[in-house]
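The following exercises ask the reader to work through strand pairing, burial, internal cavities and surface pockets. Each task is followed by a stepwise solution.

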Amino acid sequence: MAPPHNLILFLHSLAISIMYLYIQGIMGRKNRGMSKRRSSRIDSYPCISSSIAYPSCFSCTTFNILAPIYKRLIHEDRNCRESEIKAYWLDRNERILDLLLRERSSIICLQEFWVNNEELVNMYDTRLGDAGYTIFKLPRTNNRGDGLFTAVHNDYFHVINHKEFLFNDFGDRVAQLLHVEVKNVGREILIVNTHLLFPHDSSMCLERLRQVYKILQYVDAYLKENNLNPLPIILCGDWNGSKRGHVYKFLRSQGFVSSYDIAHHYTDADAHKWVSHRNHRGNICGVDFIWLLNPNKYRKILKTSWSDAVFGLFKYQVSRASLTREDAFEFLKAVSNGDSITYSGFCEALRQLNLIGHMYGLSEEETKDLWVQADIDGNGVLDHKEFQERIWNPMWSYHVENTIKDQDEILNGTQLSLGLGVTDAALFPSETENGLWPEDYSLSDHARLTVVFSPIRLIS
């Protein structure tokens with residue numbers, strides 16, 4: 001029996017439709033392949049903003065965008081800077097803005113922003129301003145050409161105050177502080193954006209510690225001057241030092257945590273897991289951080305942390321000379337000409353270790369403060385026990401009485417019941433999350449780091 005005429009027509013139409021879809025699929029794959037080859041890494045990167053599951057969450061981005069005045073190029077067989085070739089720096093910064101606007105982070109903290117170029121500044125102001133951001137810029141001192149750029153999205157924050165902090169040091173470094181209210185939570189937080197000095201040699205480690213010390217002093221002073229209870233603090237920026245460095249240890253001693261490491265369950269020892277920078281020497285390391293301090297965290301007295309950090313640098317310099325603890329004590333006694341360490345011998349040891357005696361070494365006041373911290377019994381000399389507890393291993397002498405406030409004083413009611421938790425964190429390009437640096441990445445010599453925060457209850 002022959003099939004009905006209508007059924008034959010239906011099967012014929014179905015076959016044509018299937019063939020059409022098949023051909024379209026092949027062409028689509030070809031077109032997608034061509035498009036993928038033409039598109040940049042930006043288009044293929046999954047946007048971390050998808051991690052913002054609730055209106056109360058917000059994201060924060062830090063990105064050193066490599067100022068064109070510093071980017072080295074070889075153009076027409078000559079060495080030059082990107083700032084000399086407008087087409088190059090314009091295209092790169094347009095692509096940076098494409099990335100930032102695609103992600104639409106709630107807070108954007110940029111370093112090495114070319115503040116001296118009016119066209120570039122207007123481009124960022126216009127595109128981010130049109131996208132709903134309030135923008136703050138701060139040049140480095142002495143007309144260095146670059147500076148800091150911080151943008152906060154009006155949908156997420158109300159800006160209560162904005163402060164500029166000039167270090168007035170030989171590195172001409174600066175910092176921005178924003179005091180904002182998270183709109184959907186009604187919680188206030190502090191945001192800091194900064195860029196520390198590059199450690200061209202080990203003698204600059206002390207200055208970098210001092211820059212962090214100044215920032216924390218400034219934050220504490222701001223809280224005190226405005227009669228504010230402890231607030232969640234987010235420190236963003238290019239810290240020009242890895243998890244192995246003294247700056248990292250200093251901030252950890254103050255209760256700060258690396259948000260990226262929290263999100264990925266990394267420990268302080270996991271310094272090799274990720275990278276965020278390939279420097280001009282070709283070395284890769286993780287130097288870009290978004291630090292978080294919640295108000296319920298115990299914090300050592302800031303001056304104590306500073307002293308411990310400097311003594312840690314002292315220990316590092318001594319260890320580089322292959323001296324043990326006992327060797328170091330004998331060395332200090334020898335320059336003191338006695339069985340104990342005298343102040344003059346202490347200063348001479350610091351001089352020999354290159355910690356004093358030059359423009360960015362310890363000042364006389366800082367040296368005296370260190371001595372007071374080390375001389376526990378105040379008798380004017382240091383014995384072996386004081387050397388061990390305060391210089392060689394200062395963390396051993398850390399007790400609860402060295403915290404800023406007792407826990408009951410800090411957590412005294414509902415005002416301090418909310419803090420920030422880390423929901424997600426990602427680096428771009430994604431290879432950097434595995435400790436690799438992709439050769440085809442051209443936006444900057446730094447990776448972009450974004451973290452998603454959510455409000456959490458610190459006490460019941």
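**Exercise 1. Establish how strand E4 is paired and how far it is covered.**

Solution. Step 1: strand E1 (residues 58–64) and E4 run parallel and are joined by five bridges. The model in which this pairing is found is a predicted one. Step 2: on the E4 side, Ile-107 is the bridge partner of Cys-60. Step 3: E4 is also joined by five bridges to strand E6 (residues 147–153), and these two run antiparallel. Within E6, Val-152 is the bridge partner of Ile-107. Ile-107 thus has a bridge partner in Cys-60 and another in Val-152. Step 4: E4 spans residues 107–113, and seven of its seven residues are buried.

**Exercise 2. Determine whether Val-275 is buried or exposed, and identify its contacts distant in sequence.**

Solution. Step 1: locate the residue. Val-275 sits in the loop between helix H7 (259–263) and strand E12 (277–278). Step 2: apply the cut-off. Buried means under 20% relative accessible area; Val-275 has a relative accessible area of 5%, and therefore it is buried. Step 3: list the contacts, leaving aside neighbours within four places in sequence. Val-275 is in contact with Ile-284, Cys-285, Gly-286, Leu-427, Thr-432, Gly-435, Leu-436 and Trp-437. Step 4: take one of these partners, Leu-427. Val-275 and Leu-427 are 152 residues apart in sequence, yet their C-alpha atoms are 8.8 Å apart in space.

**Exercise 3. Describe the burial of helix H6 and name elements that cover its buried residues.**

Solution. Step 1: H6 comprises residues 246–253, of which six of eight are buried. Step 2: the buried residues are His-246, Val-247, Tyr-248, Phe-250, Leu-251 and Ser-253. Step 3: the elements covering them include helix H5 (205–225), strand E10 (233–238), strand E14 (288–293) and helix H8 (302–320). Step 4: after H6 comes Gly-255, with a positive phi near 95°.

**Exercise 4. Characterise the largest nonpolar core and the largest cavity.**

Solution. Step 1: the largest nonpolar core holds 109 residues, and Phe-58, Tyr-124 and Ile-234 touch the most other members. H5 contributes the largest share of this core, ten residues. Step 2: examine Ile-234. Beyond its neighbours within four places in sequence, its contacts include Phe-58, Cys-60, Trp-291, Leu-420 and Phe-453. Step 3: turn to the cavities. There are four cavities of 30 Å³ or more, and the largest has a volume of about 40 Å³. Step 4: the lining of the largest cavity consists of Ser-56, Phe-58, Val-182, Val-185, Arg-187, Leu-420 and Pro-455. By class, this lining has five nonpolar, one polar and one charged residues.

**Exercise 5. Describe the two largest pockets by volume and lining.**

Solution. Step 1: the largest pocket holds about 800 Å³ of space. Among its 30 lining residues, Tyr-70, Arg-72, Glu-112, His-280 and Asp-445 are the closest to its centre. The lining of the largest pocket divides into eight nonpolar, twelve polar and ten charged residues. Step 2: the second largest pocket holds about 490 Å³ of space. Among its 22 lining residues, Pro-199, Cys-205, Arg-208, Asn-240 and Gly-241 are the closest to its centre. Step 3: assign this second lining to helices. H5, H6 and H8 each supply at least two residues, and H5 gives the most, with three. Step 4: by class, the lining of the second largest pocket has eight nonpolar, nine polar and five charged residues.

Methods. Residues are numbered from 1 along each chain as its sequence is written. This is a predicted model: local features need pLDDT of at least 70, side-chain atom pairs count only at pLDDT 80 or more; totals for chains, interfaces and linings use all residues. Side-chain values use heavy atoms; hydrogens and water are left out. Buried means under 20% relative accessible area, exposed over 50%, partly exposed in between (1.4 Å probe, protein chains only). Helices (H or I, at least four residues) and strands (E, at least two) are DSSP runs, numbered from the N terminus. Two strands pair if DSSP finds at least two bridges between them. Contact means heavy atoms within 4.5 Å. On a 1 Å grid over the protein atoms alone, a cavity is a set of points where a 1.4 Å probe fits but cannot get out, and a pocket is an open set with protein on both sides within 12 Å along at least five of seven lines; lining residues have an atom within 4 Å of a point. Grid points are joined across faces, edges and corners, and a volume is the space filled by probe spheres set on the points. Ala, Val, Leu, Ile, Met, Phe, Trp, Tyr, Cys and Pro count as nonpolar, Asp, Glu, Lys and Arg as charged, and the others, Gly among them, as polar. A nonpolar core is a set of buried Ala, Val, Leu, Ile, Met, Phe, Trp, Tyr and Cys residues joined through side-chain atoms within 4.5 Å.
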